[in-house]
Amino acid sequence: MEPLKLETDSLRDAAAHRHLLYGTALCTSDLTEKRRCDTILRECSIITPEYEMKWDRIGGADAPDFRASDRLVAFAVENGLAFHGHTLWWHESVPQDLGEASDARFAEAALEHLTRVVRRYAGRVYSWDVVNEPLETDHGRRDGLRHSRFLRAFGPTYLEVAFGRAAEIDPEAVLVLNEMGLEYASPGAERKRRAMLALLERALARGAPIQCLGIQSHLDAADQPRHHPELRAFLREIDGLGLKVMITEMDVSDQNCPRDRRLRDGMVADTYRAYLELVLEESRSLGVSTWGLSDDRTWLATARKRPDGAAVRPMLLDRALRRKPAWHAVKSALLSARNPDGGVEPAFPKGKIN
Ligand code: XIL
């Protein structure tokens, strides 16, 4: 018998073998470079706009500008990629001109924005980050909700409003609640995991159509534990609620690693591997996205500068788009995923998966 030949020379193929999507965040300037574009198309089956679909970028009701997000969605459709709509409601991307608005005016504008964006792209988007980063346990509320304009304007059931409206307009899309810091080892992260479970239980009991938890996964190679029983237990509880999981924004900061490049690359790769193996083992995952592909295009170059001034190396590819140890680590973690139910419908994205 012929041995089974696995076509796995790309992350998209490795992921597809486990019914997973692999992808990256990108922006329109990435599409103007042929080599980068080819690399994205070779490696990815899903893309996420890094910032061009955020509310402050599209702008308010009087003159919304959809040119950039239109281009990214068109790129996905033309190339058979799944599209992750990031993000509808996020406290950090409220347009400036709403700063002084009354709560009633803010609520009206927020719903108008959500409705307009989902309606424009419905049917072409695989999944929506409907609400991003609702929790901030340091804000002192018992339910852990962040004090945001959304909370003030709609009250603590604002998730139900957002998910309900998104589901009415785009019933086929996977609706995701996206959060940061659920994956860390600190006591604060454990509080956040508990708050998230309680929030999801409440929202689901009231009928909010949340289907998936997005775990951002901005990790630090010097901090992220290799063994993480609390995260395992959390993911099992998420699974018990019937929710899928998506790793939505993964990168691994090397800010606190030694300067030696081989050591650093090894620590970053090990962090990707251990983390992905754990999450993919404990959840019904839809996919993994990294927040960029290569070391020259990462928000961490400014957000997590190294104290010694050396250029950061947190991504899967180097500046010349060559594969780093982290690329191989991600590939091996994807291939070893059990992914019980097969998260992704094999028919999506059309004709390109499987
Ligand atoms: C960041 C982008 O990478 C930056 O380009 C932008 O200026 C600010 O936002 N969590 C999120 C992402 O959900 O939207 C953030 O992206 C990174 C943290």
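This report describes the nonpolar cores, one helix, the ligand site and one buried glutamate of a predicted model.

## Nonpolar cores

The largest nonpolar core contains 98 residues. Within this core, the residues with the most contacts are Trp89, Trp128, Val130 and Leu334. Helix H5, spanning residues 103-121, gives the most to the core, contributing 9 residues. A second core, separate from the largest one, has 9 residues, among them Ile46, Ala82, Tyr126 and Leu286.

Leaving aside residues up to four places away in sequence, Trp89 touches Ala110, Leu111 and Leu114, together with Val130, Val131 and Asn132. The list of residues that Trp89 touches also includes Phe150, Phe154, Tyr158, Val161 and Ala162.

## Helix H8

Helix H8 runs over residues 187-205 and has 19 residues. From its first C-alpha to its last, H8 reaches 27 Å, close to the 27 Å expected at 1.5 Å a residue. H8 is followed by Gly207, which has a positive phi, near 90°.

The buried residues of H8 are Ala189, Lys192, Arg193, Ala195, Met196, Leu197, Leu199, Leu200 and Ala203. Their cover includes two helices, H7 (158-169) and H9 (229-240), and two strands, E6 (174-179) and E7 (212-215).

## Ligand site

The ligand is surrounded by Glu50, Tyr51, Lys54, His86, Trp90, Asn132, Glu133, Gln216, His218, Glu249, Trp291 and Trp299. Asn132, one of these residues, is also touched by Trp89.

Polar side-chain atoms of Lys54 and Asn132 each lie by an oxygen atom of the ligand, at 2.7 Å for Lys54 and 2.9 Å for Asn132. For Gln216, an N or O atom of the side chain is 3.2 Å from a nitrogen atom of the ligand. On its own the ligand has 410 Å² of accessible area, and the protein covers 78% of that area.

## Glu282

Glu282 is located in helix H10, which covers residues 261-282. Is this residue buried or exposed? Glu282 counts as buried because its relative accessibility is 10%, and the cut-off for buried is under 20%.

The side chain of Glu282 makes a polar contact of 2.7 Å with the side chain of Arg232. Another polar contact, of 2.9 Å, joins the side chains of Glu282 and Arg236. Not counting residues up to four places away in sequence, Glu282 touches Arg232, Leu235, Arg236 and Asp239. Helix H9 (229-240), part of the cover over the buried residues of H8, spans the numbers of these contacted residues.

Notes
Residues numbered from 1 in each chain as written. Predicted model: local features only at pLDDT ≥ 70, side-chain atom pairs only at ≥ 80, totals over all residues. Heavy atoms only, no water. Core = buried A, V, L, I, M, F, W, Y, C linked by side-chain atoms within 4.5 Å. Buried < 20%, exposed > 50% of the residue type's maximum accessible area, 1.4 Å probe, protein only. Helix = DSSP H or I, 4+ residues; strand = E, 2+ residues; numbered from the N terminus. Contact = heavy atoms within 4.5 Å. Expected span 1.5 Å × (residues − 1). Near = heavy atom within 4 Å. Polar contact = N/O pair within 3.5 Å; in protein donor to acceptor, adjacent residues only side chain to side chain. Areas by Shrake-Rupley, 256 points an atom, 1.4 Å probe, with all protein chains shown as cover.
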